[in-house]
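Biologist: Hi! Could you walk me through this structure? I'm new to it.

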Amino acid sequence: MRTKTLVVMWAFFITIMGVSPAFSENIPDPETFFGHKPGADFKLIRWEKIYEYFRILGKSSERISVQELGKTTMGNPFILAVISSPNNLAQLEMYKEIAAKLAKGRISEADAVRLAEKGKTIALVTCSMHASECGPTQMSPELGYVLATDNSIQIQKILHEVIFLLVPSWNPDGNILTTDWYRRNVGTAYDTAPMPWLYHYYAGHDNNRDAFMHNLIETRYVNRILYHEWFPQIFMDMHHMGNSAARLFLSPLYDPRHHSLDPLLTREIELTGAYMRTVLEEQGKIAVMHYALWNHWRMSAIHTCALWHNVATILFEAAATPMATPIFQRAQDLAPPNRVGLGTQGNTQTINYPSPWPGGWWRLRDIVEYAYWSVLGFLETGAKHKDKYLMNMYRMARNSIEKGENETPYAYIIPQAQKDPNTAVKMINILISGGIEIHRAKNSFSVQNREYPAGTYVALASQAYRPYLIDILGPQIYPDRRQYAGGPPERTFDLTGWTLPYQMGVEAVKVDLPFDARLEPVQKAVPPEGKVYGSAKSYILDHNILESYRAVNRLLKEGARVAWATTSFQSGGKRYPAGAIIISGAGIEKKVLSLAAEFDLRIQAGSFPGKLLPLKPLRMGLYQPWVANMDEGWTRLIFDTWEFPYTTLHDAEIRNGRLKQKYDVIVLTNVASTRIINGHREGTVPPQYAGGIGTPGLSALYQFVRDGGTLITLNSSCLLPLEHFKVPLRNISRSFPSSEFFCPSAILKVDIDNTHPIGYGMEKTTDILSYNSPVFEFIEKEKTESGKQQDWLNDVKVVARYPNSNPFRSGRLIGDQILHNKPALLEVGLGKGRIILFGFRPQNRAQTYGTFMLFFNSLYYGPAVRAT
């Protein structure tokens, strides 16, 4: 009788929950399908098999819908598994609409209460963005299987109350690359060797630094989930970390915290993380830490950017293994991570680390199990606190709207009159992609003693994502945090200043007064229409429009004549500064009509009567070290986007010499000079990837410049010519204690010589990104034994220098006077060629549009001058 009653009760339960019993016999368990447990020693599951397994789940289970959102950078399927009860899956559009209304906050509280009761918690989990951090992706089939087949009350409750969005791999390309590399080397002396290329084709580890810029297709897929289609209330991003102490970190993050974030958000993260840690402790998954290691400050990561969108976000960081190779660690060998002041205290018991790890074997399977129970805890709290998560999403949105209506800033205005209106439109569309509501003025209006015409774009602060708006368009002032009172500054993490208008060279006006304007919402900003004015044998392109470089590269590829005007001039009633682009050649009229329409360029028929600097088709080598370098990857993305021709250049080719026969320009991205010279140590990687350019390569680069080549060095790589080519500069960035000079990252102002060809198209001042950058100081030129200056070293030309005043704009800077009047961008002559040294990051992460032009000009400048 008791058994019959239980059966009846269970049938009643699953009926009211809308969850059908799964037919597990139709679905192979992961161990059977893959031939081993996920996370087994020395075994990795490749993406196509994970993809195949999720397709089986989607076809065989009423609880799972698998959606292909599109293709990855390298053409692999990017999928989203939507997991919930069949009833919920049948009404997804309704639940999306509920989530959107609550997230945007433009409904009454009574309506919000009704919708929160009716709605479901939408919970997003993304796995293994960093492909070598493979545990979460390896775990995902096991999690999917349990949710598809388990009929326990715990799982039924989750399926009824939660719509679970699972991205099994954020980086399928990287899974394939790292799996293939590991399989190739497992069982050899190199089974823990680092992969010598990036695990994202363009970004490598920096794919988690693209959250607000949307350069990568994978970022765009996930941001669409977050801010445009699903509006999840809770989100967990799953990674690995170092393995020196804790086995797992789960949010909350450490200080500093942005004041713009809603306090309710912090409490929700505490609630979510505490529940998950409790579940883990119940399962014997110890050594879990919180309030440490990572801070709230940066916006560049997907999990932190979501905080500015009122999403209660959990960062999962498990202690790493070398892929699927287990490691043994003794307790006495564990040490604290080297992040002073970020809540770390080693492997000792504290309030935020109550169960230290005793040491022992640590396996990929351990990571899989920690990941599995973390997700189960995450989903359980989503089910238990559904109404709270949904209502708090609404409350935070309303708080933001009310602050925007009653507090400064009231809005940001992006004026129509911009140095580069096309880039301004690009910035506006980046904001829209990040969920910001943008309006356009129907009529002219005035505010703060300035008139704005109809068509001006306005971002009102009275919107749900107000924190995001004010912290992406306004400057960041990092708190003056010290390791101890009166001591050196606390170490920072990643960028401390990212103000988008400063990085992109766009004017955005903060509005501190209430104003009236007739506004209409826009879904996409549109640049001024491209047009060709007049007809002639030659045409003039504005150098200050970044899109003009695509046109130049296309024209040079097609054999047209392209040159820079060397002085300012008047044509067609318009004054053009030095650097205006003059184009001519066979069929040029048809070409300019096509380019104007494709790239939204305004092109004027006309000519330049003075001296021209003709541009040559580029013969450019981009150095790619075998110590995989993210800056090189981002530079490839920029070159591919702007259609710059280039050849990837490896160590062996440089060592072989005679570089000038093939190249006019060689670019060294932000790579430490020791990495360039030494590369991987012998014995740590297969022999073909060991070593760097060595002494032969240094000699070859030196001879390349003497023979007339242009060597362009970015940020850290500037130290190579400083240390080995006797350039009359030294780096003083580390000549001071950090209490006197500390600039881990900051946006800084510099003065530009825009009469120099590298400065063509620039304003006289601009903002640059300093990020672990050198600080140059002149030294006397070395004398020869006869007392004469070395005749191969020509005069140094300064293209950009810091002003004789505080250059700080955004981020973290102590000791601004150290920078006063120091050079930041220089041309140094050497024999027949030149070295161009960027003492900052002109193309960082494909974000710093405002200094792309300096970089692009430098690519063409050397060969053009040499030809002249």
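Modeller: Happy to; we can go through a pocket, a cavity, some salt bridges and a few backbone details.

Biologist: What kind of model is it, and how are residues numbered?

Modeller: This is a predicted model, where local features need pLDDT of at least 70, side-chain atom pairs count only at pLDDT 80 or more, and totals for chains, interfaces and linings use all residues. Residues are numbered from 1 along each chain as its sequence is written, and side-chain values use heavy atoms, with hydrogens and water left out.

Biologist: Let's start with empty space. What is the volume of the second largest pocket?

Modeller: The second largest pocket has a volume of about 760 Å³. On a 1 Å grid over the protein atoms alone, a pocket is an open set of points with protein on both sides within 12 Å along at least five of seven lines, and lining residues have an atom within 4 Å of a point. Grid points are joined across faces, edges and corners, and the volume is the space filled by probe spheres set on the points.

Biologist: How many residues line the second largest pocket, and which lie nearest its centre?

Modeller: The lining has 33 residues, and Val425, Lys426, Asn429, Ile430 and Tyr849 lie nearest the centre. Elements that give two or more residues to this lining are α10 (217-229), α15 (421-433), α19 (588-599), α20 (630-641) and α25 (849-867). Helices (H or I, at least four residues) and strands (E, at least two) are DSSP runs, numbered from the N terminus.

Biologist: Which element gives the most to that lining?

Modeller: That is α15, with eight residues. By type, the lining of the second largest pocket divides into 14 nonpolar, ten polar and nine charged residues. Here Ala, Val, Leu, Ile, Met, Phe, Trp, Tyr, Cys and Pro count as nonpolar, Asp, Glu, Lys and Arg as charged, and the others, Gly among them, as polar.

Biologist: And closed spaces? How many cavities of 30 Å³ or more are there?

Modeller: There is one cavity of 30 Å³ or more, a cavity being a set of points where a 1.4 Å probe fits but cannot get out. The largest cavity has a volume of about 30 Å³. Its lining is made of Tyr502, Gln503, Ile747, Asp767, Ile768, Leu769, Thr848 and Thr851. Both α17 (500-504) and β32 (765-771) give two or more residues to this lining, and β32 gives the most, with three.

Biologist: Nice. You mentioned α10 at the pocket; where is its kink centred?

Modeller: The kink in α10 is centred on Asn223 and is about 35°. The bend at a residue is the angle between axes fitted to the seven residues ending there and the seven starting there. Among the buried residues of α10 are Tyr221, Val222 and Asn223, where buried means under 20% relative accessible area, exposed over 50%, and partly exposed in between (1.4 Å probe, protein chains only).

Biologist: Switching to charges: how many salt bridges does the count come to?

Modeller: The count comes to 39 salt bridges, a salt bridge being a side-chain nitrogen of Lys or Arg within 4 Å of a carboxyl oxygen of Asp or Glu. Glu229 forms one with Lys96, their closest N and O atoms being 2.7 Å apart. Glu229 lies in helix α10 and Lys96 in helix α5 (residues 92-104), so this pair ties together parts that are 133 residues apart in sequence.

Biologist: Is Lys96 buried or exposed?

Modeller: Lys96 is buried, with a relative accessible area of 9%, while Glu229 is partly exposed at 26%. Leaving aside neighbours within four places in sequence, Lys96 is in contact (heavy atoms within 4.5 Å) with Glu229 and Trp230.

Biologist: What about Lys574 and Asp542?

Modeller: Their side chains meet in a salt bridge of 2.8 Å, N to O. Lys574 is in strand β22 (residues 574-576) and Asp542 in the loop between β19 (538-541) and α18 (548-557), 32 residues apart.

Biologist: Last topic, the backbone. Which bond from Ser251 is cis?

Modeller: The peptide bond from Ser251 to Pro252 is cis, with omega near 20°. Another cis peptide bond joins Thr408 and Pro409, with omega about -5°. Most residues other than glycine have a negative phi, and most peptide bonds are trans.

Biologist: Where is Phe42 found?

Modeller: Phe42 is in the loop between α2 (30-34) and α3 (47-60). Although Phe42 is not a glycine, it has a positive phi of about 65°.
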